[in-house]
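Here is a short report for a reader new to this structure. Start with the model itself, then follow the text strand by strand.

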Amino acid sequence: MKDLALHILDLVQNSLRAGAQLIEIHLVEEAGKDLLHVTVEDDGKGIPAGTLEKVMDPFYTTRTSRRVGLGLPLFEAAARRSGGSLAVTSTPGRGTRLEATFQLRHWDRPPLGDMAETILTLLAANPEVDFVYRQKLSGKEFTFDTRQIKAVLDEVPINHPEVIGYLRRELRNNVNEDG
Ligand SMILES: Nc1ncnc2c1ncn2[C@@H]1O[C@H](COP(=O)(O)OP(=O)(O)OP(=O)(O)O)[C@@H](O)[C@H]1O
Ligand SMILES: [Mg+2]
């Protein structure tokens with residue numbers, strides 16, 4: 001079973017392929033309702049209205065390298081298995097928003113996985129793209145925004161090894177490993 005961090009890594013690849021410049025990832029617990037909301041939102045090219053209903057179909061893909069696209073169907077299946085669902089909304093030319101809901105304490109709810117390393121991998125490989133990661137879990141809130149980091153770094157690239165080392169410590173100290 002894939003953990004949530006690996007699902008998110010897949011979903012962000014879709015956003016990157018759609019030309020997104022800003023990608024927001026939120027993991028938010030609604031404790032009173034035993035829910036976990038996982039949101040991935042981008043400002044990429046979006047999905048045309050007629051296509052939106054097809055994206056949950058494993059045999060729909062705009063990839064040319066292979067004929068099935070499994071990212072969204074697998075994520076939806078994971079949400080459904082844990083008593084939740086996936087909603088996709090998209091505006092062509094403006095972006096796409098995925099929001100999955102999981103029952104937080106459901107037996108089949110995938111573990112969070114290594115979100116810190118997922119974020120580092122994404123920003124190291126895509127230094128020109130901005131990422132916002134927001135986590136509200138167990139009553140604690142943490143926000144990470146590459147736009148703020150870049151403003152402080154000035155000319156130093158965000159994927160400079162020393163910057164990555166610093167960000168790794170920062171993320172490891174603040175990002176939960178399990179839910
Ligand atoms: N964030 C997004 N922005 C624009 N289009 C998207 C986005 N996410 C998904 N899509 C569209 O939905 C299709 C299906 O996505 P899905 O992740 O399920 O499969 P895939 O990316 O084609 O293949 P795989 O994920 O297995 O590598 C994509 O080919 C793409 O056309
Ligand atoms: Mg995909």
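## The first hairpin

S1 and S2 run antiparallel, joined by eight bridges. This is a predicted model. Strand S1 covers residues 22–30, and strand S2 covers residues 35–42. The two strands form a hairpin with four residues between them. In S2, threonine 39 is the bridge partner of histidine 26.

Aspartate 34 lies in the loop between S1 and S2. Its phi is positive, at about 55°, although aspartate 34 is not a glycine. Is aspartate 34 buried or exposed? It has 14 other C-beta atoms within 10 Å, so it counts as partly exposed.

## Two faces of S1

Side chains alternate along S1. Ile23, Ile25, Leu27 and Glu29 point to one face and are buried. Leu22, Glu24, His26, Val28 and Glu30 point to the other face and are not buried.

## From S1 to S5 and S6

Strands of a sheet pair through backbone hydrogen bonds, in either the parallel or the antiparallel sense. Which sense joins S1 to S5? S1 and strand S5 (residues 130–137) pair in the parallel sense, over seven bridges. Histidine 26 has arginine 134 as its bridge partner in S5. Leucine 27 stands opposite glutamine 135 in S5.

S5 also pairs with strand S6 (residues 140–145). Here the sense is antiparallel, over six bridges. Lysine 136 has glutamate 141 as its bridge partner in S6. S5 and S6 form a hairpin with two residues between them. In that turn, serine 138 has a positive phi of about 45°.

## The whole sheet

On the other side of the hairpin partner S1, S2 meets another strand in the order S3-S4-S2-S1-S5-S6. This is an open sheet of six strands with mixed pairing. Strand S3 (85–91) and S6 stand at the edges. Each has a single partner strand, so one side of each is left without a neighbour in the sheet. From one strand to the next, the twist averages 5°.

S2 and strand S4 (residues 95–103) pair in the antiparallel sense over eight bridges. Threonine 39 has glutamate 99 as its bridge partner in S4.

## Helices on the sheet

H1 packs on the sheet. It touches S1, S2 and S4. The direction of H1 makes about 25° with that of S2. H3 lies across S3 and S4. It runs at about 140° to S3.

## Around ligand 1

Which residues come nearest to ligand 1? Of the 20 residues around it, they are Asn14, Ala18, Thr61, Gly69 and Gly71. Helix H1 (4–17) and helix H3 (71–81) each supply at least two residues of this shell. By type, the shell divides into seven nonpolar, nine polar and four charged residues.

## A second aspartate with positive phi

Aspartate 154 lies in the loop between helix H5 (146–153) and helix H6 (161–174). Its phi is positive, near 60°, in a residue other than glycine. Why does aspartate 154 count as exposed? It has 6 C-beta neighbours inside 10 Å, and a residue is exposed if 12 or fewer lie within that distance.

Terms used:
Residues are numbered from 1 along each chain as its sequence is written. Chains are lettered from A and ligands numbered from 1 in the order in which they are written. This is a predicted model: local features need pLDDT of at least 70, side-chain atom pairs count only at pLDDT 80 or more; totals for chains, interfaces and linings use all residues. A residue is near a molecule or strand if its C-beta atom, placed from the backbone, lies within 6 Å of it. Ala, Val, Leu, Ile, Met, Phe, Trp, Tyr, Cys and Pro count as nonpolar, Asp, Glu, Lys and Arg as charged, and the others, Gly among them, as polar. Two strands pair if DSSP finds at least two bridges between them. Axes are lines fitted to C-alpha atoms, for helices over the stretch in contact, and angles run from 0 to 180 degrees between N-to-C directions. Two residues are in contact if their C-beta atoms, placed from the backbone, lie within 7 Å. A residue is buried if 20 or more other C-beta atoms lie within 10 Å of its own, exposed if 12 or fewer, and partly exposed in between; C-beta atoms are placed from the backbone.
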